[in-house]
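Dear colleague,

Please find below the structure that I am handing over to you. My findings follow directly after it.

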Amino acid sequence: MKRVLVTGGSRGIGAAAVRLFAADGWQVIANYCGSEEQARALAAETSCLLCRADVSDSDSRSALLAFADEALGGIDVLVNNAGVALFGLFDALPENAVQKLYSVNLTGTVELCRLFLPQMLRRKSGCIVNVSSVWGTTGASCEVDYSASKAAVAGLTRALAREVGPSGVRVNCVAPGVIDTDMNGRLTYEEMLALTDEIPLMRLGTAEEAAKAIFFLASEDSAYITGQVLGVDGGFR
């Protein structure tokens, strides 16, 4: 039975991914940080295991590795989905908020890869799926740091895939577009309409659509795919 850890797994795209993996018979660990009520409801629905940990914190990351080893004997797939957004003028954002964004979106992803890779390399098999964003490709006004962190995740994916590919480990990335989740809840109706006008498919994406891309890249159906950044954005570039 395949084993997967999904960070940021209690809401949005992460929760949708947990549901997909669980429905396919995988053993699933859903990591969460602050959304305990949603996490417990998801566990009741899917029978996933829960592990509360802040991916921006070194001790929490180590505890997450220990939990996965103790509960499942390790994992086959790591899904780095945890992320935070930050909206505002680049030169007016609080430094502590900016640091938190990078520590979750980038450092958390980098260091979890570093922690879980050794077990994959020993087995000469395994898969990492990182979650970036369309803004990491196009850039977004008033979301400069978010865009930069997600661009770095895409770069990490491409470089790491080259390094670990000879050992049988695949590394890919999903770059969602404008998805109808809580993260985009700050957008006004007018802003939503304006964004929709820029999307060739003329609608927002769903968490389930992004999660299906994650599941595909984690599955044997993508066994010859690595180092790729898969846009799930309705054609928005």
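Beyond its neighbours within four places in sequence, isoleucine 199 is in contact with five residues named here: Val178, Leu204, Asp233, Gly234 and Phe236. The model is a predicted one, and the values in this message should be read accordingly. Isoleucine 199 is placed in the loop between α7 (189-197) and α8. Its relative accessibility is 3%, and isoleucine 199 therefore counts as buried, the cut-off being under 20%. A further pairing concerns arginine 237, which lies 38 residues from isoleucine 199 along the chain; the C-alpha atoms of these two residues are separated by 8.3 Å.

The helix that follows this loop, α8, also takes part in a helix packing. Helix α8 (residues 207-218) packs with helix α1 (residues 12-23) at an angle of about 55°, and the axes are 8 Å apart. The two helices are therefore oblique to each other, and their crossing is right-handed. On the α1 side, the residues that meet α8 are Gly12, Ile13, Ala16, Ala17, Leu20 and Phe21. Their partners in α8 are Ala207, Glu208, Ala210, Ala211, Lys212, Ile214, Phe215 and Ala218. Sorted by class, this contact of α1 with α8 comprises 11 nonpolar, 1 polar and 2 charged residues.

A second packing involves helix α3 (residues 58-72) and helix α4 (residues 95-123), which pack at an angle of about 35° with their axes 10 Å apart. The crossing of α3 and α4 is likewise right-handed. From α3, the contact draws on Arg61, Ser62, Leu64, Leu65, Ala68 and Asp69. From α4, Thr107, Gly108, Glu111, Leu112, Leu115, Phe116 and Gln119 contribute. The residues of the contact of α3 with α4 divide into 6 nonpolar, 4 polar and 3 charged.

I turn finally to the cysteines. With a disulfide taken as a pair of cysteine sulfur atoms within 2.5 Å, the count comes to 0 disulfides. Cysteine 173 is in no disulfide, and the nearest cysteine sulfur, that of cysteine 113, is 10 Å away. Is cysteine 173 buried or exposed? Cysteine 173 has a relative accessible area of 0% and is therefore buried. Cysteine 142, by contrast, has a relative accessibility of 22% and so counts as partly exposed.

Yours sincerely

Notes. Residues numbered from 1 in each chain as written. Predicted model: local features only at pLDDT ≥ 70, side-chain atom pairs only at ≥ 80, totals over all residues. Heavy atoms only, no water. Axes fitted to C-alpha atoms, helices over the stretch in contact; angles between N-to-C directions. Helix = DSSP H or I, 4+ residues; strand = E, 2+ residues; numbered from the N terminus. Parallel < 35°, antiparallel > 145°, perpendicular 65-115°, else oblique. Left-handed = near helix turned anticlockwise from the far one by under 90°. Contact = heavy atoms within 4.5 Å. Nonpolar A, V, L, I, M, F, W, Y, C, P; charged D, E, K, R; others polar. Buried < 20%, exposed > 50% of the residue type's maximum accessible area, 1.4 Å probe, protein only.
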